[in-house]
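Q: I am new to this structure and would like a close look at one part of it. Could you walk me through the second largest pocket, the helix that gives most to its lining, and what lies around that helix?

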Amino acid sequence: MALEMKVPSPGESITEVEIAQWLVESGDYVEKDQAIAEVDSDKATLELPAEVSGVITLMAEEGDAVAVGQVVCLIDTDAAKPEGGEVENTTAEEKKEEAPKPAPTAPAKTETYATGTASPAAKKVLAEKGIDASQVKGTGRDGRITKADAIDAKPSMGTPGLGSRGESRKKLSMLRRKVAERLVSVKNETAMLTTFNEVDMQPIFDLRKKYKEEFKSKHGVGLGFMSFFTLACVRALKMYPAVNSMIDGKEMISYDFQDISIAVSGPKGLMVPVIRNAENLSFRGVESEVKRLAIRARDGQITVDEMTGGTFTITNGGVFGSMLSTPIINPPQSAILGMHNIVERPIVRDGQIVVAPIMYVALSYDHRIIDGKESVGFLVAVKEALENPEELLMDTNVLKALEL
């Protein structure tokens, strides 16, 4: 009996996936629940498990776009499991290798020089200049290129050098294509603006230096910057609810909870899993959730549900060395906060010029529902919380806030 394996629905609103990679070949024996393929949806890369055990016959090629519910392979459930190996499909005749053909004999070398041939000394000079001998006119006997010709030679504008000029081409994954479409639509369909500020990170540096070892020892996760930024954003979102809102047609939807999307780098590109109800989490809770989601994204285990439904996004280009950027809104959200690298810069503190670890931060927002006053006020509130974390994020009780 041959079972038809159809593409299951990976999530609501997804009607099509792409076969990114087959993990088996036609004729292989597969076990039930064995991963047989990786499929790309417009939101994530997922594994396709075998529904039953048997010998598989592939019905779709890598790169094919297949609709949800479409048959992608057949599994013969009556086939016996091979002993100590995979099912063998190749016949003995097909396995016979052709006798190797003798290599062609190279023509004998001659000592005569053709027109345009460079002397050994000229070749060295031309190689150092990156000039092809065919582009040089020789003045020697029979048009031979002399050392003087090579010294006088100059590369013509637009003439290819001797280096590689190859190119490669590959099809974009469905996930990458969908991300591209969404980013273009954001630029075209929203009134996106970006406002900037700077944060003195010294107070957070001092807290981390004092408590990070004890925090990690007790909770098993590091005390990073993301927990401070997430909780600072939660506080600011409560103060400026328009930033925690979305446009739906002619209506504006506001939320009384904060689901914070965090941009993380995965094997297939940028992914944005969601920390649910971040307003209910402590520093330990945020750090644990960030670590869990980052590992799942790195291992390709993140699900569509884990990347759906955020109300606000934080992205950290600083981990790659970015000094400043204008992050693009993650639709249908209305705002995104960009973190950047931390660099020691001179600032004025209490009337004195001092060197401090400074981070530039950026808030991109949809001006259709977020006014300049709200966007600037939001970013200032984030800055205030980060520069005074003990009072504004820890209620003046550091040990209780860090659960130490």
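A: Here is a walk from the whole protein to the pocket, then to the helix and its surroundings.

This is a predicted model, in which local features need pLDDT of at least 70 and side-chain atom pairs count only at pLDDT 80 or more, while totals for chains, interfaces and linings use all residues. Residues are numbered from 1 along each chain as its sequence is written, and side-chain values use heavy atoms, leaving out hydrogens and water.

Let us begin with the whole. The protein has ten helices and 19 strands; these are DSSP runs numbered from the N terminus, helices being H or I with at least four residues and strands E with at least two. Of its 404 residues, 37% count as buried, where buried means under 20% relative accessible area, exposed over 50%, and partly exposed in between, with a 1.4 Å probe and protein chains only. Among contacts with a separation of 6 or more, 65% are accounted for by residues 24 or more positions apart; a contact means heavy atoms within 4.5 Å.

Now to the pocket. On a 1 Å grid over the protein atoms alone, a pocket is an open set of points with protein on both sides within 12 Å along at least five of seven lines, and lining residues have an atom within 4 Å of a point. The second largest pocket has a volume of about 460 Å³, a volume being the space filled by probe spheres set on the points, which are joined across faces, edges and corners. Its lining holds 18 residues, and Met226, Val264, Val290, Asn316 and Val319 lie nearest the centre. Two or more lining residues come from each of helix 6 (225–239), strand 13 (264–266), helix 7 (283–298) and strand 16 (312–316). Helix 7 gives the largest share, four residues. By type, the lining divides into eleven nonpolar, five polar and two charged residues; here Ala, Val, Leu, Ile, Met, Phe, Trp, Tyr, Cys and Pro count as nonpolar, Asp, Glu, Lys and Arg as charged, and the others, Gly among them, as polar.

Next comes helix 7 itself. Helix 7 has 16 residues and spans 22 Å from its first C-alpha to its last, close to the 22 Å expected at 1.5 Å a residue; the expected span is 1.5 Å times one less than the number of residues. Its buried residues are Phe283, Gly285, Val286, Glu287, Val290, Leu293 and Ala297. An α-helix has 3.6 residues a turn, so residues three or four places apart point the same way.

Both ends of the helix have a feature to look at. In the loop between strand 15 (274–275) and helix 7 is Asn277, whose phi near 45 degrees is a positive value in a residue other than glycine. Asn277 counts as partly exposed because its relative accessibility is 33%. Just after helix 7, Gly300 takes a positive phi of about 70 degrees.

Finally, look at Leu402, in the segment after helix 10 (398–401). Leu402 and Arg284 are 118 residues apart along the chain, yet their C-alpha atoms are separated by 6.7 Å. Leaving aside neighbours within four places in sequence, Leu402 is in contact with Tyr211, Phe215, His219, Leu223, Phe283 and Met394. Leu402 counts as buried because its relative accessibility is 0%. One of its contacts, Phe283, is also among the buried residues of helix 7.

Methods
1 Å grid on protein atoms, 1.4 Å probe; cavity = no way out; pocket = protein on both sides within 12 Å on 5 of 7 lines; lining within 4 Å.
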